[in-house]
Amino acid sequence: MSRPLIETTPTAVAGTRSLTYAEALNEALREEMRRDPRVFVMGEDVAVWGGGGIFGVTKGLVDEFGPQRVRDTPISEEAIAAVAVGAAVAGARPVAEFMYVDFMGLAMEPIVNQAAKIRYMFGGKARVPVVFRAQEGAGRGNAAQHSQSLEAWFAHIPGLKVVVPSTPADAKGLLISAIRDDNPVVFLEHKALYNLRGPVPEGEFTIPLGVADCKREGRHATFVGIHTMVHKALAAAEVLAREGIELEVIDPRTLVPCDLDTVVASVRKTGRLVVGHEAYERCGIGAEIITQVVTAAFDALDAPPIRLCGKNVPIPYNARLEAAALPQQEDIVTAVRRLVA
Amino acid sequence: MAIEIPAALTPERLRGMLRTMLTIRQFDQRALELYREGVMRGSTHPYIGMEAVAVGACAALDPADRITSTHRGHGHCLAKGGDPRLMMAELLGKATGYCKGKGGSMHIADVEAGILGANGIVGGGIGLAAGAALAAQLAGRDDVTVCFFGDGALNQGILHESANLAAIWKLPVVFVCENNQYAMSARADKFTSVPDPTVRAIAYGFPGVSCDGMDVLAVYRAVAAAAARARAGGGPSLVVCATYRYFGHHVGDPLNYRDKAEVDAWRQRDPIERFEQTLIGRGILAAVDIERLRGEVAGEIESAVAFAKASPEPEMTALMEDVYA
């Protein structure tokens, strides 16, 4: 694995250990597979490759649970999704992995037309407890077909839940909740976060879907963002603090359901809103969050909200071009300074 | 030549199979009428002419076995034990329907009864069937899944992906292709690269057989053999049934792509008349018994229509219910 893009110092918290984001996900899968024999993992290179997954998320699972429950698949994304949906309807609890979210373009039919709609179409008489895991995001020079952030595609579809953890603890607690959920959950990790270390509670630990987390309190402006943007905002907040500007950083953690109340309460306190994500700006989740906030709390806003998103362009390979296509820490600092001026 | 009747098919079961074929035909004839009267919305895809496939295949299954169906799914649902009253109520969009009026003709399902749904996407059920078979295999159950799909789905990518996966994992699934000769206006023999789709199975390394889809006993024999193989851990099979839809793709089909002589030729081989003659010839039923059966079925369909018409509309609160569990 190449040099991590997000560097943080692990903090010691009572009752926790320091794990990487990938280790935390691995622990969630392992614990749920031990707890519930119906849970199984399937995907490309999840068992044999390097002992489990190109990012190590499924590492060692095949040794403990065997090749029946940790299944390497052929490169057949539509079948991976469809078979997982069929298995879920018939009583299993699959966790289907897509190596890159970009490859889910090949699997949209079973996810969008089958998984998301089966319960409704069947009048509530079916359950589809499936997790579609994938990693998204840019920053590693993987270029246009391996770097996208496509969470808005899935958030658009009624019937799907969408989870986007930014820390090891969130990754573990949310993945366990996703596996236990009786609905199809699209669980999107970020490739630049896999080596990020952080405290993860010992023992049984879940985080409910639909509860935002305030990662840093502040009173002058609210930043709402996901994945790497949470970490860039936390770093920006340090810079701004030295200027006397207190930035509040909210991570919604799940986009469907979305904890709008926490976001609105923060905006009511600060009066200013910046949203951020790596995904393309046009029709991104930031547009939805701003619309919801404006509708719910127009009176509380002291300035027009600002979007800091990926440019509306395929992700380029060249390092400087790639960095320019993505919102950066300095963009957050500049935007917040402008908002509070 | 004397027609051999498989030993497992007792006179009682044969009578039941004929009854189900009559039910499917009368159900879809009535559905067409309701559609033309404007009582039904959306579209309806009649299964008329193809009854031998659904009934022959489902007769080879146990109650715990599963099926996935297609947009032309009324026949599959009835053959797997679906209740015509709940189906008719669904066609009329009523709260008492299988899907509370929210699915309609193309999404009728009864998961508890092993009917994993009709499907509005051509080939949409193929991967689901492989997945249901995987769930059975993982749980150590011996149930099998029959996947119905039409000749149009032969050229969907999901069939290739699922057939390969089912083969390498030896999934207990039977792929039943209903070759009714046309995918809307696209003739199977012009739009599929090989004249006989059964040869596709060779590429996946599992058995592929063709059978006369107008002969319920031929379909039964082929699917029973494939299901037994799947149940014993032998993996998937492909059964291609040559059949024909007497009516258009749906009401409003211009039908400019086939001529009447062709339709008449297929109607000469009507699966219901043929099965009736077999049962009469073997002394299992008399003509008068069949007339009585036809009358019973007609009464049942009329009662289903009456039930559907008398049923309430869904409450408006149903709109936002059942999106999530």
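## Close-up views of a predicted model

**View 1. Strand S5 of chain A, covered on both faces.** Both sides of S5(A) are covered: Val131(A), Arg133(A) and Gln135(A) are buried on one face, and Phe132(A), Ala134(A) and Glu136(A) are buried on the other. The model shown here and in the views below is predicted. In general, side chains of a regular strand alternate between the two faces of the sheet. S5(A) spans residues 131-136, and 6 of its 6 residues are buried, so the strand is largely enclosed by the rest of the structure.

**View 2. The two neighbours of S5(A).** S4(A), residues 93-98, runs parallel to S5(A) and is joined to it by 4 bridges. Val95(A) lies opposite Val131(A) of S5(A). Between S4(A) and S5(A) the chain passes through helix H4(A), residues 108-121, and this β-α-β crossover is right-handed. S7(A), residues 185-190, also pairs with S5(A), in the parallel sense over 6 bridges. Here Glu136(A) has His190(A) of S7(A) as its bridge partner.

**View 3. The seven-stranded sheet of chain A.** This open sheet of 7 strands has mixed pairing and the order S3-S2-S4-S5-S7-S6-S12 in chain A. S3(A), residues 70-72, and S12(A), residues 254-256, stand at the edges; each has a single partner strand, so one side of each is left without a neighbour in the sheet. From one strand to the next, the twist averages 20°. S2(A), residues 39-43, pairs with S4(A) in the parallel sense over 5 bridges. Val41(A) of S2(A) is bridged to Val95(A) in S4(A). Helix H2(A), residues 61-69, packs on the sheet and touches S2(A) and S3(A). The direction of H2(A) makes about 65° with that of S3(A).

**View 4. Helices H1 and H6 of chain A.** H1(A) covers residues 21-35 and H6(A) covers residues 168-180; their axes come within 8 Å and cross at roughly 25°. That angle makes H1(A) roughly parallel to H6(A). The crossing is right-handed. From H1(A), the contact takes in Tyr21(A), Ala24(A), Leu25(A), Glu27(A), Ala28(A), Glu31(A) and Glu32(A). They meet Pro168(A), Ala169(A), Ala171(A), Lys172(A), Leu175(A), Ile176(A) and Ile179(A) of H6(A).

**View 5. The five-stranded sheet of chain A.** The order is S9-S11-S10-S13-S14 in this open sheet of 5 strands, again with mixed pairing. At the edges stand S9(A), residues 213-216, and S14(A), residues 306-310; each has a single partner strand, so one side of each is left without a neighbour in the sheet. The twist averages 25° from one strand to the next.

**View 6. Strand S11 of chain A between S9 and S10.** S11(A), residues 247-251, pairs with S10(A), residues 221-225, in the parallel sense over 4 bridges. Two pairs mark this register: Thr222(A) is bridged to Glu248(A) in S11(A), and Ala221(A) stands opposite Leu247(A). The path from S10(A) to S11(A) goes through helix H7(A), residues 228-241, in a right-handed β-α-β crossover. S9(A) pairs with S11(A) in the antiparallel sense, over 3 bridges. In that pairing, Cys214(A) stands opposite Ile250(A) of S11(A). Of the residues of S11(A), 5 of the 5 are buried, so the strand is largely enclosed by the rest of the structure. Leu247(A), Val249(A) and Asp251(A) point one way, Glu248(A) and Ile250(A) the other, and all are buried.

**View 7. The interface of chains A and B.** Across the interface, 35 residues of chain A are in contact with 35 residues of chain B. On the chain A side, the elements that give two or more residues are H3(A), residues 77-89, and H4(A). H3(A) gives the most, with 9 residues.

**View 8. Helices H5 and H6 of chain B.** The axes of H5(B), residues 124-139, and H6(B), residues 157-168, come within 9 Å and cross at roughly 15°. The two helices are therefore roughly parallel to each other. Their crossing is left-handed. Ile126(B), Gly127(B), Ala130(B) and Ala133(B) form the H5(B) side of the contact. Facing them in H6(B) are Ile158(B), Leu159(B), Ser162(B), Leu165(B) and Ala166(B).

Definitions and conventions:
Residues numbered from 1 in each chain as written. Chains lettered and ligands numbered in written order. Predicted model: local features only at pLDDT ≥ 70, side-chain atom pairs only at ≥ 80, totals over all residues. Buried ≥ 20, exposed ≤ 12 C-beta atoms within 10 Å, placed from the backbone. Pairing = 2+ DSSP bridges. Right-handed = clockwise from strand over helix to strand, strands pointing away. Axes fitted to C-alpha atoms, helices over the stretch in contact; angles between N-to-C directions. Parallel < 35°, antiparallel > 145°, perpendicular 65-115°, else oblique. Left-handed = near helix turned anticlockwise from the far one by under 90°. Contact = placed C-beta atoms within 7 Å.
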